[in-house]
Amino acid sequence: MSEFDFVRVFAHSNPLLVSHVANLLESAGIPVERRNMTLGGASGELPPMECEPEVWVAPHNQAGAEALIAEARQDALRPDWVCPGCGEWLEGVFDRCWNCGSDCP
C-alpha cells in the first residue's frame, strides 16, 4: 500500500496522546501507522501543522477507528462525582474512590 491508501484519523501536538490513541486502536485490532512522531524539532523550519504526530489507518478501518476515538474522548469528559460510600469529591477521570475504594456510580 502507498501512503495514499491510508487516511488520517487523529493528530495532536502531544506525541504521548497520539501514541495512546494508536495503542487504543491497535488493541481493538485496527492496524495503524504512526507518522511525524519525531518531527517536533523541525517545527519552525517546517509549518507546525505538518510536524504534528498523526495516526493513519486503512480506509476500510476509518469508521471504526473514528468511533473508538470519539468514545475514548467522551469517556475522558466524564463529570466529577461524589463517592456514594464516603462522600469524597472525585474528578471524572477516576473510576474508583481513592479514599474508600467504592466504584463510580
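**Two cysteines and a three-stranded sheet**

With a relative accessibility of 4%, C97 counts as buried. The model in which C97 is placed is a predicted one, and the account below begins with this cysteine before turning to the sheet.

The cysteine sulfur closest to that of C97 belongs to C86, at 3.7 Å, which is too far for a bond. Viewed from the other side, the sulfur of C86 likewise has its closest cysteine sulfur in C97, at 3.7 Å. A disulfide is a covalent bond between the sulfur atoms of two cysteines. Because a disulfide requires the two sulfur atoms to lie within 2.5 Å, the 3.7 Å between C86 and C97 is too far for such a bond. In agreement with this, a search of the whole structure finds zero disulfides. The surroundings of the two residues may also be set side by side: C97 is buried, at 4%, whereas C86 is partly exposed, with a relative accessible area of 36%.

The sheet may be considered next. Three strands form an open sheet in the order β1-β3-β2, and their pairing is antiparallel. Its edge strands are β1, residues 7–11, and β2, each of which pairs on one side only. On average, and with direction ignored, neighbouring strands of this sheet are turned by 30 degrees against each other. Strands of a sheet pair through backbone hydrogen bonds, either parallel or antiparallel.

The pairings can be followed residue by residue. Strand β3, residues 54–57, pairs with β1 in the antiparallel sense over four bridges. Within this pairing, V57 of β3 is the bridge partner of V7, and W56 of β3 stands opposite R8. Towards the other edge, β2 and β3 are joined in the antiparallel sense by three bridges. Here W56 of β3 appears again, as the bridge partner of E33.

The side chains of β3 divide between two directions: E54 and W56 point one way, V55 and V57 point the other way, and all are buried. Helix α1, residues 15–27, lies across β1, β2 and β3 and runs at about 25 degrees to β3.

The edge strand β2 merits a final look. R35 is located in β2, which comprises residues 33–35. Is R35 buried or exposed? R35 counts as buried because its relative accessibility is 12%, and the limit for burial is under 20%. The side chain of R35 is also joined to that of E33 by a polar contact of 2.5 Å. E33 thus has two partners in this description: R35, through the side-chain contact, and W56 of β3, through a bridge.

Definitions and conventions. Residues are numbered from 1 along each chain as its sequence is written. This is a predicted model: local features need pLDDT of at least 70, side-chain atom pairs count only at pLDDT 80 or more; totals for chains, interfaces and linings use all residues. Side-chain values use heavy atoms; hydrogens and water are left out. Buried means under 20% relative accessible area, exposed over 50%, partly exposed in between (1.4 Å probe, protein chains only). A polar contact is a pair of N or O atoms within 3.5 Å; within protein, one must be able to donate a hydrogen and the other to accept it, and residues adjacent in sequence count only if both atoms are side-chain atoms. Two strands pair if DSSP finds at least two bridges between them. Axes are lines fitted to C-alpha atoms, for helices over the stretch in contact, and angles run from 0 to 180 degrees between N-to-C directions. Contact means heavy atoms within 4.5 Å.
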